[in-house]
Amino acid sequence: MAMTDDTAQTSKPKPTSPSKESQLTRRAAILSFLFRYRKSGVFNGLSLEPAMLDEDLADDGSPDKFADELEALGPTFVKLGQMLSTRPDLVPAAYATALERMQEKVMPVSFEVIREQVEDALGVRISKAYASFDETPLGCASLAQVHRATLRDGREVAVKVQRPGVAQQLMADLDLLRGITSTADRFTDVGRHVRFSEWLGEFSRSLTAELDYVAEAENLERFREHLAPFRQLWVPAPVWDYTAKRVLTMELADGRRVDQISGLRRTEQGMTPLAEDLLRGYLDQVFVHGEIHADPHPGNLRVTEDGRLAIFDLGMVANVPPRQRDRLLKLLFAAVDGRGEQVAEECIALGIRLEDYDEPRFLREVGQLIARYGAHQASMSEGRVVLDLVRIATQCGLRPPPELSLLGKTLLNLDTACHLLAPDLDTKRVVEDQLQHVMRARLRKSLSSPNLASEMMEVQALLRDGPRKLSDILSLVAENRFQMRVTGLEESRLMENLQKIANRISVGVITAALILASAMMMRVPSSHTLWGYPVVALVLFLLGVALGGGIIVSSLLSDHRARSREERGPR
């Protein structure tokens, strides 16, 4: 909770929203960027031949240049690039790799601005809240920067402070992107296939949650509790009295990044237990607690002086519903076990089958993928298998859920971190053992007294009501009164379209009759003429032309291309 103090400075005026001119300039810059890379394969590279893709790359710029230009557009697009790197169904491999390497090279905000932010958020002078506050930041990113500080009780903490005005800029950029994605969904084939608006909605929710440091503090506490059984892992605890929406104070995770551990340190301390606990803890977090932290990269993992592995920066956490969690667990377990057919079945059940869905090709390519994984276990990680599965699904007309991409990206990051800690670790063995442990835990949970009591109540209701309902059905059949009714047909789009067709035909017939009648009456002499033509004939002709023009205009404005057919997997 925030602190209050009479000596707190008056809060500074809130940043004003971007002007209309700046929004137009911003929109032009975004559209110019998208236009430059329209043929680069981003968003539609999966449908291009490799030769075409190479030629376009030569014309439109390299993946590294794409990442640099995306980064130059600001913090929204830095986060967008990080999210795109998790979507092999949208971005070709070369671009995904470049986006993974994209760094947030930003200059630190002056300490006076940081002071104002902290004092405005906490409602107290910074000298009153902290015994010391280091003016030099530990790290700078596009959304925030982190400073070392000391509390009054002597505890060393890290203070994460949101940059001023960044939230307003993000919201303005997201509004612009919504207009662009909705247009792309309506007028492009790739938009109808991918549904950019839905993807942007997920991205917006994730980014909005990352801006709320109270939510991140809750994530820290929850992960700290869930990962407590894994003794080698440590999650810093938030300090609630010094945490607000734009300021997060937590225990200082002081240590060495996992990608900067020397060979001597690895010799003195065995890192294999850390790597195993990291992999087991994250699998447990996903499949038991239903939370995916998709960004466990080396910058967020540090080996502390006491030999534990610190995990922090938990702003972007996705939640997985229980039913989807079960299917993801079955899918990954089947992949590790080498059962390609079941992997394909679970992926079909998770995804949405589009109009161009090619099931034989999908089954064949998934089987080949799992066979390659079984033959090259040492060089092919589980995360790469899941991401390749997402890519194959998209190529075959199956839209996978975003959680599958997040799971693949998480596993890929975990594999990288584990390799840095313990290069000889058999990750497949650890994954398989932990998945079996999760399966057993879920089985024990299903056999618990509350679950068994719930199942028995359902069986009791079935035994009590089943005979009566069966008797009612048999009575209706015997009396020839059994009926089946399909509801909603009279209100459906089918009836609406049939009525539209009938109206068009009727107006077309009337239009043709008016024009034909006017043409015949042109030959009949009349004392009332206009421009040398009989008035009645001319009026009928103009009326027919107006009706015919109305039909054409209505067809152009209101007739839309039929929406592609989509089918979800079995529930």
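**Exercise 1. At roughly what angle do the axes of helix α3 and helix α5 cross, and within what distance do they come?**

Solution. Start with the model itself. It is predicted: local features need pLDDT of at least 70, side-chain atom pairs count only at pLDDT 80 or more, and totals for chains, interfaces and linings use all residues. Residues are numbered from 1 along each chain as its sequence is written, and side-chain values use heavy atoms, with hydrogens and water left out.

Step 1. Find the helices. Helix α3 covers residues 63–72 and helix α5 covers residues 93–100. Helices (H or I, at least four residues) and strands (E, at least two) are DSSP runs, numbered from the N terminus.

Step 2. Compare the axes. They come within 8 Å and cross at roughly 45°. Axes are lines fitted to C-alpha atoms, for helices over the stretch in contact, and angles run from 0 to 180 degrees between N-to-C directions.

Step 3. Classify the angle. Under 35 degrees is roughly parallel, over 145 roughly antiparallel, 65 to 115 roughly perpendicular, and the rest oblique. α3 and α5 are therefore oblique to each other.

Step 4. Give the hand. The crossing of α3 and α5 is right-handed (the near helix is turned clockwise from the far one by less than a right angle).

**Exercise 2. Identify the residues where α3 meets α5, then sort them by class.**

Solution. Step 1. From α3 come P63, D64, F66, A67 and L70. From α5 come A94, Y95, A98 and L99. Contact means heavy atoms within 4.5 Å.

Step 2. The classes are 8 nonpolar, no polar and 1 charged residues. Ala, Val, Leu, Ile, Met, Phe, Trp, Tyr, Cys and Pro count as nonpolar; Asp, Glu, Lys and Arg as charged; the others, Gly among them, as polar.

**Exercise 3. Work out the order of the open sheet that contains β9, and its edges.**

Solution. Step 1. The sheet has 4 strands, ordered β5-β10-β9-β7, with mixed pairing. Two strands pair if DSSP finds at least two bridges between them.

Step 2. β5 (233–234) and β7 (255–257) have a single partner strand each, so one side of each lacks a neighbour in the sheet.

Step 3. Follow β9 (residues 301–304). It pairs with β10 (residues 309–311) in the antiparallel sense over 3 bridges. L309 in β10 is the bridge partner of V303, and I311 that of L301.

Step 4. Look at β7. β7 and β9 are also antiparallel, over 3 bridges. Here R256 stands opposite V303.

Step 5. Close the hairpin. β9 and β10 have 4 residues between them, and G307 in the turn has a positive phi of about 90°.
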